[in-house]
Amino acid sequence: MAAPSHLDRAHGPELAHQFEDPAQQREAGTLAMWTFLVTEIMFFGGLFAAYAIYRSLHPAAFEIGSHLLEVKFGATNTAVLIGSSLTMALAIHSAQTGKSKATVITFLLLTMLLGLVFIGVKLRFEWYHDYLEHIVPGFGFDYRSAWGANAPEVQMFMVFYFFMTGLHALHMVVGLGILTVLVIMTARGRFSPRYYAPLEISGLYWHFVDIIWIYLFPLLYLIGGRYSTGGH
Amino acid sequence: MSTAVVDVHQTPPGSGVNYLNATYGIKSWLLTTDHKRIALLYLASITFMFFVGGAAAVLMRIHLIEPQGTLVQPETYNKLFSTHGIVMVFFFLIPSIPAVLGNFLVPMMIGARDLAFPRLNLLSWYLYITGALFLLYAILNGGIDTGWTFYTPYSTTFAHTHVIAAVLGIFINGFSSILTGLNFIVTIHKMRAPGMTWFRMPLFLWAIYATSVIFILGTPVVAITLFLVGLERIFHVGIFDPAVGGDPLLFQHLFWFYSHPAVYIMILPGMGVVSELIPCFSKKKIFGYSFIAFSSMAIAVLSFLVWGHHMFVTGQSIYAGLVFSVLSFLVAIPSAIKVFNWTATLHKGSISYDAPMLYALGFIGLFTMGGLTGLFLASLATDVHLNGTYFIVAHFHYIMVGGAVMAYLGGIHFWWPKITGRLYPDGWARFAALVIFVGFNLTFFPQFMLGYLGMPRRYAVYPPEFQVLNVMSSAGASILGVGYLIPLIYLVWSMRYGPIAGPNPWGAKGLEWQTPSPPPTENFEEIPVVTEEPYNYPGTAAVTRG
């Protein structure tokens, strides 16, 4: 330990040296995650803004692009993700109310399972299928004659679709990594009703990733004529 | 370990256990989580980048001595100004005061042992280094010629240089900024010592806080934008390319949404430094504390509403231009509030002209010139004439070099005795400050005139009638270059041979001066309890709280 030990503060095993007490540490962690999520909102915000502007510039092409996506898979994944937010919240609640380690771990593993289902559906039924259909920009994207003059902008829609859902999926993968760590920490008995801040803070992140999808799903799959009048 | 403990207050200065000699070896530095050591890691790395960017500037000024150019091909000249801009903006100015002085001072000024997240802080430095390596790779392998703004479609479609490595470097470095800003925000909110209320904080911290807000709100947007540029180049897909329905103006909007606030990332911490120096060397309480504090926050907010003034001549809607023009004028208000309060602090103070104070006074004058010339550019009509000329170059160098770099050097000279525990030779330091001031003005004042006469920026050649002013500018640049080398030499010298400074050589207020120099690893023996207002200098009695 590099820090000199002449400071006679009562430091528990989970209290880092720079903090005075556990409450300060927990508050710092929570504020840090909220601040990070603000950054994340701006990160996705730039993309959402660009998407919105191009959508308004090229409504017909973006409508065609939207129709290339399968609503049933998007809807399934929306349900899966909302379910995973529920299991995440239940994991936190279980730790908070002093439920057994097995209960917390079960909910965490369920959350991971649902996260994996989401990524699995995305990879197998959507992205891989798109690849076979030659509608992945940069990987053999073919203009279809039915698109006519809209073809370049249809490709642009797909660029945004893959970049936004890809960035979202990357966040899911990071979330799965965090959940793995949480499972290990829980198994080692690190959490109790007095100390469960890592679970709570990770929960914030997981819910945030969920919320991003809640916006992505209608923006990419639903709006733009499929169910509105004047469409097809 | 406990037997090795020394009470630093009882030992002669310089011989106690402090953050510099607590542990030894390269590993103890590269794996340190001590905010003070990380500040020094940043100091070394940004100083290196400063001289990389400076070298590019020197080559440019040598080239421009003759109207037809003396040194390089036009293509190389493009790479020189691009390198200079990218290195100086992203790898020197943006991290300079926050990452070096902010890292060192934020915990000490609020009475904390470290930042809230020391390991995250170290990660920030590694991200900076990784980003810098990408950029250096791009420079050494042939360079980048897009300018620091990476305007599309040139950067995405036509440039045949190492754009991808450069934007990746900036992207990675962006996360360093974001994490540093996040760390500062949480630390300032949650780690203040008992009695350290928001309005007892040194104004430097208000400035750093405002800067951090810009870091976390702006940086992600430029990061994602440059990432899109990279994607467009790698996969040859249309995002900003007008040939496939893309909008190059959208790139400029997204770019300046960050890059205009980035100007305030550079200047706000400098304003914070000056707010510390002026009261200390006037031996007087700062005038109008709360006005200076809130003007920092006002600048941070306004900074996000003015980006369109970079796009007056791009075909942006004239109504948008009008609104952006008015909003840009508004920035002058909080900026002027600061200048008035600093000068009011000087009024009837007992002023001493130590080196840090010379930089602070230089800052006030040069920043004011930079700010006032900004009003020319915020006016739609004059901007049409001045846009794209050397007037712009002179204007932003008065802010970034005359302002930010002067403040950075002033801060380094002010806190150097605290950082190293040693004093530098005072005469040399004042001399260097003077050389830098003279060199700076000789370099950039002629550029105002060149710009007004119509010399466009970014050109490798110019009409012969502009030669006199260009030679003056180049002569100034060489003086400025020497001015920057002098502190490098005597500061390095002082680390080993400088006289012992003692805890508070300037008689300054603030918690960082109440601990030994250099400070112990955990900054304070006991967390201090703050009971007095900031800047409680002797000259306070005559002035009531602004």
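This is a short walk through a predicted model with two chains, A and B.

Some housekeeping. Residues count from 1 along each chain as its sequence is written, and chains are lettered from A, with ligands numbered from 1, in the order in which they are written. Since the model is predicted, local features need pLDDT of at least 70 and side-chain atom pairs count only at pLDDT 80 or more, while totals for chains, interfaces and linings use all residues.

Okay, chain A. You'll find six helices and zero strands there. When I say helix or strand, I mean a DSSP run, H or I over at least four residues for helices and E over at least two for strands, numbered from the N terminus. Now the overall shape. The radius of gyration of chain A is 22 Å, where a compact globule of 232 residues would come out near 17 Å. That radius is taken over C-alpha atoms, and the globule rule is 2.2 Å times the number of residues to the power 0.38. Along the principal axes, the C-alpha trace of chain A spans about 75 × 35 × 35 Å. As for burial, 35% of the 232 residues in chain A count as buried. Buried means 20 or more other C-beta atoms within 10 Å of a residue's own; 12 or fewer is exposed, in between is partly exposed, and the C-beta atoms are placed from the backbone.

One helix to point at is H5 of chain A, residues 151-187. H5(A) has 37 residues and reaches 53 Å from first C-alpha to last, close to the expected 54 Å. The expected span is 1.5 Å times one less than the number of residues. Just after H5(A) comes A:Gly189, with a positive phi of about 70°.

Over to chain B, which has 15 helices and zero strands. For 546 residues the globule rule gives a radius of gyration near 24 Å, and chain B agrees, with 23 Å. The C-alpha box of chain B is roughly 70 × 50 × 45 Å along the principal axes, and 57% of its 546 residues count as buried. Contacts, meaning C-beta atoms placed from the backbone and lying within 7 Å, reach far along the sequence: of those in chain B with a separation of 6 or more, 84% join residues 24 or more positions apart.

So how do the chains meet, and how many residues does each one bring? Chain A puts in 33 residues and chain B puts in 37. On the chain A side, the elements giving two or more residues are H1 (22-57) and H5 (151-187), with H1(A) giving the most, 16 residues. That side has 19 nonpolar, 12 polar and two charged residues. For the classes, Ala, Val, Leu, Ile, Met, Phe, Trp, Tyr, Cys and Pro are nonpolar, Asp, Glu, Lys and Arg are charged, and the others, Gly among them, are polar.

Zoom in on H1(A) against H7 of chain B, residues 203-235: the axes come within 8 Å and cross at roughly 40°. Axes here are lines fitted to C-alpha atoms, for helices over the stretch in contact, with angles from 0 to 180 degrees between N-to-C directions. Among the residues that meet are A:Met42, A:Phe43, A:Gly45 and A:Gly46 on H1(A), and B:Pro220, B:Val221 and B:Ile224 on H7(B). The split at this contact is 10 nonpolar, five polar and no charged.

Back inside chain B, look at H10, residues 318-346, with 29 residues and a reach of 43 Å, close to the 42 Å expected. Its buried residues include B:Phe324, B:Val331, B:Pro334 and B:Trp342, and what covers the buried set includes H8, H9 and H11 of chain B. After H10(B) sits B:Lys348, with a positive phi near 60°.

A few backbone oddities to finish. The B:Thr152 to B:Pro153 peptide bond is cis, with omega near 0°, and B:Pro153 sits in the loop between H4 and H5 of chain B. A cis bond also links B:Ser517 to B:Pro518, with omega near -10°. B:Ser517 is also one of the contacts of B:Ala501, which is buried because 22 other C-beta atoms lie within 10 Å. Lastly, B:His236, in the loop between H7 and H8 of chain B, has a positive phi near 50° without being a glycine. B:His236 counts as partly exposed because it has 14 C-beta neighbours inside 10 Å.

How values were computed. Contact = placed C-beta atoms within 7 Å. Lists of a residue's contacts leave out its neighbours within four places in sequence.
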